[in-house]
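Work through the exercises below with the sequence and the coordinates at hand. Each task is followed by a stepwise solution.

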Amino acid sequence: MRILVSSLIILLLSACDNKSGQEKTTGQETGKRDTIAITNPENNINPYVQVDVSPMDMSYYPADYPKLKMAKSTNAPPLARVIYSRPHLQGRQLFHDVLKYGEPWRLGANEATELDFYTNTRIQDKNIKAGRYILYCIPEADKWTIVLNSNIDSWGLEPDPSKDIARFVVPVKQTNNLLEFFTIVFQQAAGNAELVMAWGHVEARLPLSF
Amino acid sequence: MKKTITLLAVFQLFFLCLIAQSNLPPVDKSPMDMSYYPNSYPVLKIQDKITDPLVARVVYSRPQKTGRAIFGGLVKYGEVWRMGANEATEIEFFKNVHIDGKKISRGRYTLYAVVNETSWTIIVNKETDTWGSFKYNAKKDVIRTEVPVQKSDVMLESLAMAFEKTTTGCNLVIAWDNVKVALPINF
């Protein structure tokens, strides 16, 4: 029995090592790529547009909608999309060096984070019309206030609260994993969807129904 | 008792391994970017410095050369190229515009190109929210227009797109490696 248990431990440990090893490599690669862009500006001379330190990204709901569409496994239009930039920690502590509790945060970098609803959407008790919005957030230790705002095509630095459409308070969960890059995705949840916002050791989820 | 603790430890390790496999997406190799016309419109907007109305925005991913031969190599001559990476390159017009004499209604479109040595055919297509050019459907083309290839002075590591003001509107400049083209947009 003891041998069985020890061999199980060894097996699991090695499996675990492999996985975390792989993840580390991926993390290092992405980190490296970005560092090159920052520290070797001669590699990044671009008179048109420099490559951003915080790369932009896009997430759809249903998840991977463009691939589903390409594979012809969906005929329905998409329901939602977010376009945001992905700042990274680079050794900084999220709620010490980067963000402050109680101060508005743009939930991204550079251009304001954009949320497109292709259909009318219900969030908490509010009906949100199909259309384009921007998002920002007021983080606290145990909850985030997620703000939907109409000042679209703007830059994230100075949200204009006079253009707020709705505010939603959601709880914050502490995560074990350290997430280097800020991440927004949609995930399916109990028949509906959640907008998942995660960075560092925290994760907030905004439930949506379509 | 010892056995129970060991078993518990095993399960805990197993559990830790499971959560270590995060289901959140990694950072793309070809980062996405966007350009507006008027240039830097979002910055001008928060500074209250807008003088001209919003006309266009392009959202595209930026593959890198990484030592490869690009045009005629990675991007084959005569084939439809997605002019980006990952999600299909998107152009949005916020007002009606004209390209090559044809009226293009405001709205979102996907951009492709057929690249040749001396000219590119730029394709504006109605099939939005798709991936790359793998299922490109010519029936959804809005316009195809040919533009000449210009040699650029600098070698660009990353694909770049930017708008430049012209006397009749703006050009969408698309540049990568040692090549650039300009798509005239009139409004």
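The exercises cover strands, burial, core and backbone geometry.

This is a predicted model, in which local features need pLDDT of at least 70, side-chain atom pairs count only at pLDDT 80 or more, and totals for chains, interfaces and linings use all residues. Residues are numbered from 1 along each chain as its sequence is written, and chains are lettered from A and ligands numbered from 1 in the order in which they are written.

**Exercise 1.** State how many helices and strands chain B has, and in which pattern they follow.

Solution. Helices (H or I, at least four residues) and strands (E, at least two) are taken as DSSP runs, numbered from the N terminus. Chain B then has two helices and 11 strands. Along the sequence the pattern reads α-β-α-β-β-β-β-β-β-β-β-β-β.

**Exercise 2.** Is strand β1 of chain B largely enclosed or not, and why?

Solution. Step 1: a residue is buried if 20 or more other C-beta atoms lie within 10 Å of its own, exposed if 12 or fewer, and partly exposed in between, with C-beta atoms placed from the backbone. Step 2: β1(B), residues 32-37, is largely enclosed by the rest of the structure because six of its six residues are buried. Step 3: Met32(B), Met34(B) and Tyr36(B) cover one side, while Asp33(B), Ser35(B) and Tyr37(B) cover the other. Step 4: β1(B) pairs with β2(B), residues 56-61, in the antiparallel sense over six bridges; pairing requires that DSSP finds at least two bridges. Tyr36(B) stands opposite Arg57(B) of β2(B).

**Exercise 3.** Find the residues with the most contacts inside the largest nonpolar core.

Solution. A nonpolar core is a set of buried Ala, Val, Leu, Ile, Met, Phe, Trp, Tyr and Cys residues joined through C-beta atoms within 7 Å. The largest one has 80 residues, and those with the most contacts inside it are Leu135(A), Ala56(B), Val58(B), Leu111(B), Ala113(B) and Ala160(B). Strand β11(B), residues 169-186, gives the largest share of this core, nine residues.

**Exercise 4.** Which two non-glycine residues, one in each chain, have a positive phi of about 55 degrees, and are they buried or exposed?

Solution. In chain A it is Asp153(A), in the loop between β7 (143-149) and β8 (164-189). In chain B it is Asp48(B), in the loop between α2 and β2. Asp153(A) is buried, with 20 other C-beta atoms within 10 Å, whereas Asp48(B) is exposed, with 6.
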